[in-house]
Amino acid sequence: MTGALAPSHRAIAERLLARYPLLFVVHHDEMDSRRALAGLAKAAGLQLFDAGLSGEDAIAESKAALKALTADAGPAALLLLPFGHRLLADDGFARLLTGRLAAVERGGHCVVLTGPTPLLRAELERDCVVLTLGLPDEAALTPLVKAALTATDGAGPGQPLLDAAVAAVKGLTRTQVRRA
C-alpha cells in the first residue's frame with residue numbers, strides 16, 4: 001500500500017496500518033487533507049467517520065463522535081476530526097480524548113486530528129504523532145495544470161507552456177491551483 005505514495009502520505013499510511021491511536025496531521029488545505037486521509041483510511045482497511053463539524057457546536061459534535069467510536073465494538077475505524085487545534089484548546093474535549101485513548105487503541109481505531117498548526121496539550125504529547133501533509137509535488141500538479149490549460153476542443157498545451165505553468169504554481173495547494 002505504501003510503495004507508490006508521496007513521502008508524507010506514506011508516513012501517515014504506515015501509522016494507520018500500525019493502528020496508532022492518535023495522529024495530528026498538519027496540512028495546508030482542509031479539503032485536500034480530508035480527501036487524502038479518506039483514501040488512506042480505505043487502503044488501511046479502516047472504516048472512515050469524518051466528523052465534518054458542520055454544525056455550530058464543533059466541540060459537542062467531536063465529543064459525541066469520540067464517545068460513539070469508543071462505545072462501538074464494530075470494525076476498526078478512523079475518526080477524522082478537522083480543526084484539531086481548536087478542539088484541543090477545549091479542556092473538556094482534551095480530557096475526554098485523554099481518557100478514551102486506551103479504548104481507541106483496544107478497538108484498533110485511529111483518531112486523526114487535522115489543522116494548520118499542531119497545538120498539542122502536554123497530557124497528549126507522549127501519545128500523539130504529528131505528521132505534515134505536504135504541498136503537492138510536480139507530478140500531482142501537472143494533471144491539474146494540464147486540465148486547466150486544455151482548450152475546449154481538447155487540444156492540450158505544449159510541453160514548454162505546461163512546464164512553465166507547473167513551475168509557476170509550485171507552492172500552492174490543489175484548491176489554490178484549481179482557482180487560479
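The exercises below, each with a worked solution, concern a predicted model.

**Exercise 1. The sheet**

Find the order of the strands in the open sheet, and state which strands form its edges.

Solution.
- Step 1: The open sheet is formed by 5 strands, and their order is β2-β3-β4-β1-β5.
- Step 2: β2 (47-50) and β5 (129-132) are the edge strands, since each pairs on one side only.
- Step 3: On average, neighbouring strands are turned by 25 degrees against each other, direction ignored.
- Step 4: The pairing in this sheet is parallel. In general, strands of a sheet pair through backbone hydrogen bonds, and the pairing is either parallel or antiparallel.

**Exercise 2. One strand pair and the helices on the sheet**

Describe how β3 and β4 pair, then state which strands α3 and α5 meet.

Solution.
- Step 1: β3 (residues 77-81) pairs with β4 (residues 110-115) in the parallel sense, over 4 bridges.
- Step 2: Opposite Leu 79 stands Val 111 in β4.
- Step 3: Helix α3 (residues 58-71) lies across β2, β3 and β4, and runs at about 170 degrees to β3.
- Step 4: Helix α5 (residues 91-106) also packs on the sheet, where it touches β1 (22-26), β3 and β4. The direction of α5 makes about 145 degrees with that of β4.

**Exercise 3. His 85**

Decide whether His 85 is buried or exposed, and list its contacts beyond its neighbours within four places in sequence.

Solution.
- Step 1: Locate the residue: His 85 is in helix α4 (residues 84-87).
- Step 2: The cut-off for buried is under 20% relative accessible area. His 85 has 15% relative accessibility, so His 85 counts as buried.
- Step 3: With those neighbours left aside, His 85 is in contact with Phe 24, Thr 114, Gly 115, Pro 116, Thr 117 and Leu 119.

**Exercise 4. Helix α2**

Compare the span of α2 with the expected value, and find what its buried residues pack against.

Solution.
- Step 1: Helix α2 (residues 30-43) has 14 residues.
- Step 2: From first C-alpha to last, α2 reaches 20 Å, close to the 20 Å expected at 1.5 Å a residue.
- Step 3: Among the buried residues of α2 are Ala 36, Leu 37, Leu 40 and Ala 41.
- Step 4: The buried residues of α2 pack against α1 (7-17), β1, β2, β3, β4 and α8 (174-179).

**Exercise 5. Positive phi**

State where Arg 19 and Phe 83 lie.

Solution.
- Step 1: Most residues other than glycine have a negative phi.
- Step 2: Arg 19 is not a glycine, yet has a positive phi of about 60 degrees. Arg 19 lies in the loop between α1 and β1.
- Step 3: Phe 83, also not a glycine, has a positive phi of about 60 degrees. Phe 83 lies in the loop between β3 and α4.

Notes:
Residues numbered from 1 in each chain as written. Predicted model: local features only at pLDDT ≥ 70, side-chain atom pairs only at ≥ 80, totals over all residues. Heavy atoms only, no water. Pairing = 2+ DSSP bridges. Helix = DSSP H or I, 4+ residues; strand = E, 2+ residues; numbered from the N terminus. Axes fitted to C-alpha atoms, helices over the stretch in contact; angles between N-to-C directions. Contact = heavy atoms within 4.5 Å. Buried < 20%, exposed > 50% of the residue type's maximum accessible area, 1.4 Å probe, protein only. Expected span 1.5 Å × (residues − 1).
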